Amino acid sequence: MSVDPQQLLRELFATAIDAAHPQQVLEAHLPADRSGRVIVIGAGKAAAAMAQVVERCWQGEVSGLVVTRYGHGAPCEKIEVVEAAHPVPDAAGLAVAKRVLELVSDLSENDRVIFLLSGGGSALLALPAEGITLADKQSINKALLKSGATIGEMNCVRKHLSAIKGGRLGKACWPATVYTYAISDVPGDLATVIASGPTVADPSTSAEALAILKRYAIEVPASVRNWLQSPESETVKPGDPSLARSHFQLIARPQQSLEAAAVKCRQAGFSPLILGDLEGESREVAKVHAGIARQIVLHGQPLAAPCVILSGGETTVTVRGNGRGGRNAEFLLSLTDSLKGLPGVYALAGDTDGIDGSEDNAGAIMTPDSYTHAAAKGLSASDELDNNNGYGYFEALDALIVTEPTRTNVNDFRAILILESTKHDA
């Protein structure tokens, strides 16, 4: 088969990103009646690109304010775009959250609000609850990011420490009609988890948030503990009449991107195997992928090569060392250590927003030669994994993928390409 494995992997990644881009997916979901005044607010890594689509398609008066991550902005004429910090919130995110709440206060039942939501919104729209400081939220956020907590667990805590998440933004818009359009970056595509669900009812509890902090041994100040023990910390619950005119629409999800990549695989002559959205420690998820790849190479099961294993979701990294590397680099480093140069196996892991964790790369590529080439440079895959140094490992191999911000986000994308099986039928 005449194919450049690395080029195909890059094309699959580009296909996955394009399938979830606001320019491709938002317009068809906007209200049929696009006349009259609309207030646009938004938060997330795709917020600016989503705002551009609304400006282009809306026929009536448009105004508003959206917040996105530094470097993820896009030029808009009528909707203000502000940039703030992610994954740890900063003063810019705090200031814009206050402005967003002010913008939707005192609305009437004749008003319409469009809320553009995507991954990253939890950190970008940061407004601590009464008695909690930004420094408190920053400290807890950093601890959660290092703890290995799942995105659902992290967002449960974030919602109960917020004055804007967990349905509170939707409640503030009442009695206006609210249309939330969301790009999912979370396994399961739960509306309550995507950017901590600012406009949807939330069934989780403050007691659960406290249990999560205890589970991961995260120390919090007395003010935070007292707040979470107070009934006032509860989020807006299902059935609350203030959300009766709030509508939620999912416009892009990880599965769409995986399916688009699968079509591309078939066109190239490879059978796709979609594993779906996955959670868990990056290094452990990689070991499972390695086991499947090895079974395909050695036994032609569960499908025969040439094939591509596809998966998405959001893995986690429990930080043990002081190296550089996001969860996708960590996944690939563990995969490299597990496969140790298994012939005919290539892999790509990247974040569809273009940023792997807090680094400047989207991800990296592994080839059958990565393990030996790194060893020749004095790099041990297992040692670098102990130090959480996936970035440094693949940087030394000139194998990092740099895309710049993509202005969308359906989270991780992983593709393992297997050229052939060694199993021969008798």
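**Domain interface and cysteines in a predicted model**

User: What is the area buried between domain 1 and domain 2, and what share of it do carbon and sulfur atoms give?

Analyst: In this predicted model, domain 1 and domain 2 bury an area between them. The total is about 2000 Å², and the share given by carbon and sulfur atoms is 49%.

User: Which three residues supply the most of the area that domain 1 buries against domain 2?

Analyst: The contact takes 23 residues from domain 1 and 29 residues from domain 2. On the side of domain 1, three residues supply 31% of the area buried against domain 2, more than any other three. They are Gln 256, Arg 407 and Asn 409.

User: Which residues form a salt bridge, and how far apart are the closest N and O atoms?

Analyst: Between domain 1 (5-16 + 255-418) and domain 2 (22-253), the count is one salt bridge. Lys 45 pairs with Asp 353, and their closest N and O atoms are 2.4 Å apart.

User: Which element gives the most residues to the side of domain 1 that touches domain 2?

Analyst: Helix H11 (254-267) and strand E7 (271-278) are the elements that give two or more residues to this side of domain 1. The one that gives the most, with three residues, is H11.

User: How many disulfides does a search of the whole structure find?

Analyst: A disulfide requires cysteine sulfur atoms within 2.5 Å. For Cys 57, the nearest cysteine sulfur, that of Cys 76, is 12 Å away, and Cys 57 is in no disulfide. Over the whole structure, the number of disulfides found is zero.

User: Is Cys 57 buried or exposed?

Analyst: Buried means under 20% relative accessible area. The value for Cys 57 is 9%, so this residue is buried.

Note on methods:
Residues are numbered from 1 along each chain as its sequence is written. This is a predicted model: local features need pLDDT of at least 70, side-chain atom pairs count only at pLDDT 80 or more; totals for chains, interfaces and linings use all residues. Side-chain values use heavy atoms; hydrogens and water are left out. Buried means under 20% relative accessible area, exposed over 50%, partly exposed in between (1.4 Å probe, protein chains only). Domain bounds come from an automatic or database domain assignment. Contact means heavy atoms within 4.5 Å. Buried area is the accessible area (1.4 Å probe) that two parts lose on being put together, summed over both. A salt bridge is a side-chain nitrogen of Lys or Arg within 4 Å of a carboxyl oxygen of Asp or Glu. Helices (H or I, at least four residues) and strands (E, at least two) are DSSP runs, numbered from the N terminus.
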